[in-house]
Amino acid sequence: MKKRILYTLLYTALVVVVVILVFNGLQGNANEKKEISSSEFIKMMQDGEFRFVLVVNNNAVYAVTQENKNKINFDQDNSKISDDVMRKYEYKSSVTYTEEFDKLLAETQAKYPDTFRYDILHQSSPWYLQFLPYLFLMLIMGVIIYIFYAQTSGNGKAMQFGRSTAKLYDESKKKVTFNEVAGADEEKEELAEIVDFLKSPDKFTKMGARIPKGVLLVGPPGTGKTLLAKSVAGEAGVPFFSITGSDFVELYVGIGAARVRDLFTQAKKNAPCIIFIDEIDAVGRRRGSGIGGGHDEREQTLNQLLVEMDGFIGNEGIIIMAATNRADILDPALLRSGRFDRQVHVLPPDTKGREEIFKIHARNKHFAADVSAHEVALLTTGFVGADIENLCNESALLAVRRGKTEIGMQELKDAITRVILGPEKKSHKVSDHERKLVAYHEAGHAIVARSLPHCDPVTEVSVIPRSGAGGYTLTRPNDNSDTYSRRYILDTITMSLGGRAAEKLVLGDISTGASSDIRHATDLARSYVTKYGMYDEIGPIYLGDADGDEIFLGRDFSTHKAFSEELSSKVDAAIHEIILSADQKAYQILADKLQILHNLAEVLLNKEKITGTEFEAIYNGKTLADFLAAESASANADSDSTAPIAPAPAKA
Ligand code: ADP
Ligand code: MG
Ligand code: ZN
């Protein structure tokens, strides 16, 4: 913020300097030399063109035209006329040549030269043009002042530093109700009580019940926490004040605390209402943590929040809702009874939930009749609500780009891949060698996955580059399994190493393309040992998260090695062993199925992308020649109704 003001000032100074230079330049350019004959000069005098004429010394003549006419300097040696002399004669009334001019000439013993040389010193412009630079300056100053006030006051309310930037969500404009939230039945049930309380608080207070003050929505990003909070306000028909945690931790020290105070004052005036603090982890993180110093602005804000929450009894009709995706990093004081003592876990949707969410977002879009919400739900394992919304939009965009009148299943499928992997980079040029490498790499993943009993089924293999990857092998994870079996993890590690193993087997070399596979495999192996306790020799001991978040947050910074050196080297050895044996296993599988590997790579190089069904056929012996034969046969028969790949849209 402060930086921006500085930039503005610098920028303005630059503009001012440029403006001044330009105007000076214009004036300087007007300084042109001219010559007129003496008779012409005398004619001009007679016509009263001059305000005054001065003859100095020998034959230096100086003349200034009347107002708004050219100021002319008759001079053979300009420097002889000093400022003093000019000033002395300036206000003399106009001289006429007959009287004073001759006298002046006589006084200075000047004679008429044949010609007078003169400079037009100043093209005197109309008065308003002379004011132009000053107008510019004033305008710029005005803008600076405006910007400064606008920045410091948030909404243009000058100098009100401490006002909260809470947005009052107007529920009359676009009312969100529980109907807009799909697949979150349990969550809605838990929140229904809150709605009830906001609607009729007396019912509860008469009974002597203590109403919960704070409700914390916990769940991964995009699962609809913000949406749920809004829908509670919409259901109850009360105002909704929303602020984001990072809004508190902005600008200047002390502002955060002031904003909290103001937010609660505003809410009390509007009770019953909901205060919603989105992404509360930005301000509510455990105190005394964080690497960048503890006692800062954030803590002050958090303290103020705690004070305000304690400051009302809870029966005033204000419910504080907050959302976070990491409840474990919040300060325990926030979660104590009487504060956010109620937690609602918002989980990623299951198949049925995804089906319902899809239906909601499909409402205002034109989907083809053959699009089944159930099928979409099956294809989108792991998607959260925000992903599904994004998917609907992406598929609509694809349909428009393909010139269709409605969104078909093919657009949806392509959009799913797009949401998972980012857009295809078809124009990205790759060398033949690189293409071959990618084809074998992906074929390796797919065949290893298919050969292992506990891997997810392969749904798509492609060698079309995507952002960050040369190709990809998609598998469909088992639905709703947050918990994985030991065999599943080991097989998945092996599958991750399948790409690299294929490169080694066929090309006798390995590429850098496998680096993210290696990382994935290693992370899984580490979790296998340290988190899931699946490695027999070490047993079920929790040895810390593999993802290192705790360390990143600075908590337990000095004590995170809570286990001995001996154990730690055992862990390293275990991970090492898991990876090496998985690598060997992948290599062995591919060596046994070398012909299938060649066939698959060949098909991939030709077709670029194949479906799960096609992959299954290749795994069972189908070759590229079979594919090409089938294609030409179906082209001859002119019927493609059973073609496994949807025909490409007609190209004009
Ligand atoms: P969060 O706050 O948990 O990160 P949001 O509430 O911001 O997620 O969700 C983003 C968008 O995703 C919403 O605006 C909505 O369109 C969509 N969405 C998420 N969950 C659902 C759901 N359960 N039902 C319908 N739409 C959802
Ligand atoms: Mg949100
Ligand atoms: Zn890979």
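## Exercises: a pocket and ligand 1

In this predicted model, domain 2 (167-201 + 211-345) and domain 3 (351-421) both contribute residues to the lining of the second largest pocket, so that pocket lies between them.

**Exercise 1.** Describe the second largest pocket by its volume and the residues closest to its centre.

*Solution.* Start with the volume, which is about 790 Å³. Next take the lining, which has 34 residues; the closest to the pocket centre are E180, G224, L227, H361 and E389. Then sort the lining residues by type: 15 are nonpolar, 10 polar and nine charged.

**Exercise 2.** Determine which helix or strand gives the most to the lining of the second largest pocket.

*Solution.* List the elements that each supply at least two lining residues: α8 (225-236), β10 (318-324), α14 (351-362) and α16 (385-401). Among the contributors, α8 gives the most, with four residues.

**Exercise 3.** Identify the residues nearest to ligand 1 and find its polar contacts with K225, H361 and A386.

*Solution.* Begin with the surroundings: 15 residues lie around ligand 1, and A182, G222, K225, T226 and L227 come nearest. Then apply the cut-off for a polar contact, a pair of N or O atoms within 3.5 Å.

- The side chain of K225 has an N or O atom 2.7 Å from an oxygen atom of ligand 1.
- The side chain of H361 places an N or O atom 3.0 Å from a nitrogen atom of ligand 1.
- A polar backbone atom of A386 is 3.4 Å from an oxygen atom of ligand 1.

Finally, consider burial: ligand 1 taken alone exposes 550 Å², and the protein buries 80% of that.

Definitions and conventions:
Residues are numbered from 1 along each chain as its sequence is written. Chains are lettered from A and ligands numbered from 1 in the order in which they are written. This is a predicted model: local features need pLDDT of at least 70, side-chain atom pairs count only at pLDDT 80 or more; totals for chains, interfaces and linings use all residues. Side-chain values use heavy atoms; hydrogens and water are left out. On a 1 Å grid over the protein atoms alone, a cavity is a set of points where a 1.4 Å probe fits but cannot get out, and a pocket is an open set with protein on both sides within 12 Å along at least five of seven lines; lining residues have an atom within 4 Å of a point. Grid points are joined across faces, edges and corners, and a volume is the space filled by probe spheres set on the points. Ala, Val, Leu, Ile, Met, Phe, Trp, Tyr, Cys and Pro count as nonpolar, Asp, Glu, Lys and Arg as charged, and the others, Gly among them, as polar. Domain bounds come from an automatic or database domain assignment. A residue is near a molecule or strand if one of its heavy atoms lies within 4 Å of it. A polar contact is a pair of N or O atoms within 3.5 Å; within protein, one must be able to donate a hydrogen and the other to accept it, and residues adjacent in sequence count only if both atoms are side-chain atoms. Accessible areas come from the Shrake-Rupley method with a 1.4 Å probe; for residues, only the protein chains shown count as cover.
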